[in-house]
Amino acid sequence: MIDSSIEIQSLKKAFKLWHGRPSSLKSLALSFRRPKPEVLWALKGVDLRVSPGETLAVVGKNGSGKSTLLGIMGNIYRPTSGKVAVRGRVSTLLELGAGFHPELTGIENIYLNGAILGIRTRDMRRKVDRIVSFAELDKFIDAPIKSYSKGMVMRLGFAVAVQVDPDVLLVDEVLAVGDEAFQAKCYDNIAEFQKSGKTIVFVSHDLDAVRRVASRAVWLHDGAIRVDGPTMDAVKAYTSSIADEKEDRGERDAGKSDAA
Amino acid sequence: MIKQLSELLRYRDLLAQLVVRDLKVRYKNSVLGFFWSLANPLIQVAIITVVVKCVMRVGIPNYSAYVLVAYLPWMFFQMSLMDASQSVLMHRDLLKKVYFPREVLPLSMVIANLIHFLLAIVVFFVYLLVYLRTPIVVTWLFLPVLVLIEALLVTGLTLFISCLNVFYEDIKYIVSVVLNIFFYLTPIIYLSEMVHAPLAAAGRGSLFALYQLIPLNAIIIAFRKMLLVPYTVPPHREIAAQFQNMSNMPLDYRFLAIAAVLSIAIALLGYAYFNARKWSFAEQL
């Protein structure tokens, strides 16, 4: 269908886990039997349709397939079977400025990071000023980012990703970074994004952030969709299942659990 | 392959940014900067020249130029292969987070090294014209062709190596061992005639043909023949008598043509191989 921004049909994704895989030629030559990989189905048949302008949150436990799903939308993994179509320019919010080089200055890194996200250099030139002022780094922008604090690097990374002006924004965990004032700015930017009809897919354990930005949520469990619906319903179903699990584990283990 | 190439073209700014990054970062904190990339070959060639002239007593005038003209393309070959073997692995975090055509990683390494090579060639010509005062020869016009052939060869090999190194990290060690062998297998510190003379004397001239079928050998021989005037053996030195019957051989164009065809084939195969396996990088790393 033309009118959906992301369309996924019966998507399956298997990863091969090589236990004792020969990662060197020597061990490959020395092993007489080639070990068989264990096949791990990260996604076991997912159907999903996201409309333009929609903000979809994906929740679920570690290992439920959330990041794999995001990776397939971002063209990082190829589906084992099924169909995936994403329309428009896709941008990924890179955590902690992955792709930055510590020896380069802030400005140089902006161009580099823009290029990694697929932006032409001449288009970047028009965006640079906005990125610098959004990141609040005017004084430091010509210094190598190895001299930046962690928060400054995160602000710069966030500023580049949102100024790239994608049609579809994929977010893994980091939606708002920095101190409270900057986080508020991040949320404002997300809200603007939503108003202008862009699609956001947001994978997170931070259920407060999910409730705050997402209109719809998908609860992914063991590679399949358990609940797909309004954010409140999906999150409620997810949290109550966690609570049940905690009870099942009994009192002794309850303290250690970190299922959330 | 056409589709892959057109996508690569769309990401040409990323390629350019990565090349710029590599050039900037390499000398960011060094005072002498680009000088260091020249210092290494110059010192190497100086040592080789001293050994060959004073210890091995080969009395060929301007021998340093004959070594340098082979050593610079060798440096390009060696540095590109070493850099590229790590290029994909080095960016494993990025590969798992964002999509871009993966081949920009090894290709940017090749281009950065190519730029170093071209700058070194400029310095080489200054050395020839200002210091040695050798005559200008018309075959200098072939230089771009030679560089192109070598660049294709290097590109193909780096695509194979960078890809294989993701799956088997032994590759980088194998590469450095093989490069070590090739340094002596290739006519860099010696002249190709020194290989030919004993083979021809033993009636094994065909082995020399085999020697030239190795693309890198044919390319390095061509660099030497095209950029420098034929070497001369001064007659008055009795120590050079052994080289008297070793006449300067003209460039055999057939072998350069074969090297060109092989280089194009290696580049295409390398690209196809890389493209076939690049999807599994993110899953492997």
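Let me begin with helix H3 of chain A, whose buried residues pack against helix H4 (121–135) and helix H5 (150–163) of chain A, together with H2 and H5 of chain B. I should say at once that what we are looking at is a predicted model, and everything I describe this morning is to be taken in that light.

How many of the 11 residues of H3 in chain A are buried? The count is 10, over a helix that runs through residues 106–116, so H3(A) is largely enclosed by the rest of the structure. The buried set takes in A:Gly106, then A:Glu108, A:Asn109, A:Ile110, A:Tyr111, A:Leu112, A:Asn113, A:Gly114, A:Ala115 and A:Ile116. After the helix comes A:Gly118, and its phi is positive, near 90°.

Stepping back to chain A as a whole, its secondary structure amounts to eight helices and nine strands, and buried residues account for 40% of its 260 residues. If we take contacts in chain A between residues at least 6 apart in sequence, 69% of them join residues that are at least 24 apart.

A local example of contact across the sequence is A:Ala14, which sits in strand E1 of chain A, residues 6–17. Setting aside residues up to four places away in sequence, A:Ala14 touches A:Val39, A:Leu40, A:Trp41 and A:Thr80. There is also A:Lys44, which is 30 residues from A:Ala14 in sequence but 8.4 Å from it in space, C-alpha to C-alpha. As for its surroundings, A:Ala14 counts as partly exposed, because 17 other C-beta atoms lie within 10 Å.

Now to the contact between the two chains, which takes 25 residues from chain A and 21 residues from chain B. On the chain B side, helix H2 (12–26), helix H5 (92–95) and helix H13 (281–284) each supply at least two residues, and H2(B) gives the most, with six residues. By class, the residues on that side of chain B divide into 10 nonpolar, one polar and 10 charged.

The same H2(B) also packs within its own chain, against helix H6, residues 104–132 of chain B, where the two axes come within 9 Å and cross at roughly 55°. That angle makes H2(B) oblique to H6(B), and the crossing is right-handed. From H2(B) the contact draws on B:Leu14, B:Leu15, B:Leu18, B:Val19, B:Asp22 and B:Leu23, while H6(B) brings B:Val104, B:Leu107, B:Ser108, B:Met109, B:Ile111, B:Ala112 and B:Ile115. In terms of class, the residues of this contact are 11 nonpolar, one polar and one charged.

A second helix pair in chain B is H7 (residues 143–167) with H11 (residues 215–227), packed at an angle of about 160° with axes 10 Å apart. Are these two helices roughly parallel or roughly antiparallel? The angle makes H7(B) roughly antiparallel to H11(B), and their crossing is left-handed. On the H7(B) side we find B:Leu143, B:Leu146, B:Ile149, B:Glu150 and B:Leu153, and these meet B:Pro215, B:Leu216, B:Ile219, B:Ala222, B:Phe223, B:Met226 and B:Leu227 in H11(B). This contact has 11 nonpolar residues, no polar ones and one charged.

Turning to the core, the largest nonpolar core has 142 residues, and A:Val201 and A:Phe202 are those with the most contacts inside it. The largest share of this core, 15 residues, nevertheless comes from chain B, namely from helix H4, residues 63–90. If we leave aside neighbours within four places in sequence, A:Phe202 is in contact with A:Thr55, A:Leu56, A:Ala57, A:Val171, A:Leu175, A:Val210, A:Val213 and A:Ala214.

I will finish with two backbone details, each in a loop. A:Glu136 lies in the loop between H4 and H5 of chain A, and although it is not a glycine, it has a positive phi of about 55°. B:Arg133, in the loop between H6 and H7 of chain B, likewise has a positive phi, near 55°, and is a residue other than glycine. Their surroundings can be given as neighbour counts: A:Glu136 is partly exposed, with 16 other C-beta atoms within 10 Å, whereas B:Arg133 counts as exposed, because it has 8 C-beta neighbours inside 10 Å.

Conventions:
Residues numbered from 1 in each chain as written. Chains lettered and ligands numbered in written order. Predicted model: local features only at pLDDT ≥ 70, side-chain atom pairs only at ≥ 80, totals over all residues. Helix = DSSP H or I, 4+ residues; strand = E, 2+ residues; numbered from the N terminus. Buried ≥ 20, exposed ≤ 12 C-beta atoms within 10 Å, placed from the backbone. Contact = placed C-beta atoms within 7 Å. Nonpolar A, V, L, I, M, F, W, Y, C, P; charged D, E, K, R; others polar. Core = buried A, V, L, I, M, F, W, Y, C linked by C-beta atoms within 7 Å. Axes fitted to C-alpha atoms, helices over the stretch in contact; angles between N-to-C directions. Parallel < 35°, antiparallel > 145°, perpendicular 65-115°, else oblique. Left-handed = near helix turned anticlockwise from the far one by under 90°.
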